[in-house]
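Subject: Structure handover

Hi,

Here is the structure I promised to pass on to you. Please open it alongside this message, and I will walk you through what turned up.

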Amino acid sequence: MVDYIGIANIQKMVGAMGPAVFIEGLAAEIEADYRRWGEFDKSARHAIHSPVGVIELMPTSDGQMYSFKYVNGHPKNTALGLLTVTAFGVLADVKTGYPLLLSELTVTTALRTAAMSALAARWMARPDSRVMALIGNGAQSEFQAIAFHHMLGIREIRLHDVDRKATDKLARNLHELGLRDLQVRLCKSAAEAVQGADIVTTVTADKRNAIILTPEMIAPGMHLNAVGGDCPGKTELHADILRRTDARVIVEYEPQSRIEGEIQQMPADFAVTEFSQVLSGAAAGRASPAEVTIFDSVGFALEDYSALRYLYKLQQAQSPRQEIDLIPDLDNPKNLFGLLAAAPGGVTQAAQAMVKPFAAELTST
């Protein structure tokens, strides 16, 4: 039997802990795994693109456990009443190849993306940051707001989306959460939201080279959390923001970010730093209060590995656990066919039923 976490399970887990505590715990797992960066087998995700979206597989392993995530990104889905992003994943034992956990990752991806954003900002944003602009108020936005409020002490969030209904939805959900000391302000434009902000998070969904932030919006000392650009041909920042002489760009996994991140706009020799280098002390997340820091986030498989391992640990503490019969349990592992033959109404009985008429015909002749 394989442990299973479905939508009802993740609702129960997050509900018991509260989303803020869950995100902080997940961020700790992600940080711990990034600190052992060298142990992981790393590769850019495998993506199949279509005119309307992308379907991707994201694998990694630390030699003890293996994980992969299936994830899609279809921005036009919301017009059909469907989610833009859905996902599921598997955590497996490397020694046997047996899967340990099959889990939903649609909700969990939103939680881990917010956890990674806040974790990076802890190392890159100014410690006195209290105001955040949140551009793009769709399915990911509440998670980002909760993470930055809880983990970084954000006390004012400015909201903007081209879809006012999305902004109203986010504002309503944040109000119902009752987050202490959080002021929510609705803005008519991205420029209005960004003005005077310490941190700017962009999390838009359009699959195109968009320009959500322009150079004149950016002030010294800002931290930019660019989340929405996550596939070829999909960006949010004007290239001149990246070219600023006072800008520091941090990425998760450089080979993947060169293909999918904001830096896809830059030449191959454009200087970036991997987040693991910041954690190891090999590089700074921020050199001065006036520096503009940019976290060019596309999402990396290690973060999903961390999320699946975190879920598996939480699942193991539950009783009873939900399991599914995904893998055969055999007395003789060389007799896989016996599994079918022994089943009620199985292949042996079916074969016998097919032979009887033929045998009867031979007897009659």
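Which strands does helix α3 lie across, and at about what angle does it run to β6? Helix α3, residues 106–124, lies across β3 (53–61), β4 (65–73), β5 and β6. Its direction is at about 85 degrees to β6. Before you go further, please keep in mind that this is a predicted model.

The sheet

The strands β2-β3-β4-β5-β6-β1-β17, in that order, make up an open sheet of seven with mixed pairing. At its edges are β2 (46–50) and β17 (323–324), each of which pairs on one side only. As general background, strands of a sheet pair through backbone hydrogen bonds, in either a parallel or an antiparallel way.

Strand β6 is a good place to start looking. Six of its six residues are buried, so β6 is mostly covered. On one side, β6 (residues 99–104) runs antiparallel to β5 (residues 87–93), and five bridges join the two. Within that pairing, F88 has E104 as its bridge partner, while A92 stands opposite P99. The two strands form a hairpin with five residues between them. In the turn you will find G97, which has a positive phi of about 80 degrees.

β6 also pairs with β1, and here the strands run parallel, joined by three bridges. One pair to display is I5 with its bridge partner S103 in β6. Helix α1 (residues 7–17) lies across β1 (2–5) and β6, and runs at about 70 degrees to β1.

A helix pair

Now to α2 and α4. In general, two packed helices are described by the angle between their axes and the distance between those axes. For α2 (residues 19–34) and α4 (residues 141–152), the angle is about 75 degrees and the axes are 9 Å apart. That makes α2 roughly perpendicular to α4.

Which residues of α2 and α4 meet? From α2 come P19, A20, I23, E24 and A27; from α4 come F143, I146, A147, H150 and M151. Sorted by class, this contact has eight nonpolar residues, one polar and one charged.

If you would like a first view to set up, try β6 with β5 on the antiparallel side and β1 on the parallel side.

Best wishes

Definitions and conventions:
Residues are numbered from 1 along each chain as its sequence is written. This is a predicted model: local features need pLDDT of at least 70, side-chain atom pairs count only at pLDDT 80 or more; totals for chains, interfaces and linings use all residues. Side-chain values use heavy atoms; hydrogens and water are left out. Axes are lines fitted to C-alpha atoms, for helices over the stretch in contact, and angles run from 0 to 180 degrees between N-to-C directions. Helices (H or I, at least four residues) and strands (E, at least two) are DSSP runs, numbered from the N terminus. Angles under 35 degrees count as roughly parallel, over 145 as roughly antiparallel, 65 to 115 as roughly perpendicular and the rest as oblique. Contact means heavy atoms within 4.5 Å. Ala, Val, Leu, Ile, Met, Phe, Trp, Tyr, Cys and Pro count as nonpolar, Asp, Glu, Lys and Arg as charged, and the others, Gly among them, as polar. Two strands pair if DSSP finds at least two bridges between them. Buried means under 20% relative accessible area, exposed over 50%, partly exposed in between (1.4 Å probe, protein chains only).
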